[in-house]
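Biologist: Hi! Could you walk me through this one?
Modeller: Happy to, here it comes.

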Amino acid sequence: MKNIMLVCVAGMSTSLLVSKMQKVAQENNVDAHIFAVAENEVDKVLAKEDVHVLLLGPQVRYLKATFEDKYKEHKFPIDTIAMVDYGMMNGDNVLNHALKLIG
């Protein structure tokens, strides 16, 4: 099971993208738990759950360096979601990007 966490300002704006990613994962038999959280909830989630990749929504991309430093002991990749994929709610591209980062 791959745990893919998307981070945005309030955890709500990515809910449609999460749904689209889950649909693509299901269609392709990818065992993934995909979820979105608000930027201020990341610490709480990481205290309870293993995450394999953290993707930042374009509106919080400025947090990338901070998160890379803060969560380096977790050893998961952190990247931003491409603005065009986020805007188009392209679950296929975002899921594929997450899976490539996980390796």
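Biologist: What radius of gyration does the protein chain have, and what would a compact globule have?
Modeller: The protein chain has 12 Å, which agrees with the value near 13 Å for a compact globule of 103 residues. The radius is taken over C-alpha atoms, and the globule rule is 2.2 Å times the number of residues to the power 0.38. This is a predicted model, where local features need pLDDT of at least 70, side-chain atom pairs count only at pLDDT 80 or more, and totals for chains, interfaces and linings use all residues. Residues are numbered from 1 along each chain as its sequence is written, and side-chain values use heavy atoms, leaving out hydrogens and water.

Biologist: Cool. How many helices and strands are there?
Modeller: Five helices and four strands; these are DSSP runs numbered from the N terminus, with helices being H or I of at least four residues and strands E of at least two. Their order from the N terminus is β-α-β-α-β-α-β-α-α.

Biologist: Is strand β1 mostly buried or exposed?
Modeller: Six of the seven residues in β1 (residues 2-8) are buried, so the strand is largely enclosed by the rest of the structure. Buried means under 20% relative accessible area, exposed over 50%, and partly exposed in between (1.4 Å probe, protein chains only).

Biologist: Which strands does β1 pair with?
Modeller: β1 pairs in the parallel sense with β2 (residues 32-38) over seven bridges, and also in the parallel sense with β3 (residues 53-56) over four bridges. Pairing requires at least two DSSP bridges between two strands.

Biologist: Which residue stands opposite L6 in β3?
Modeller: That is L55. In β2, I34 is the bridge partner of I4.
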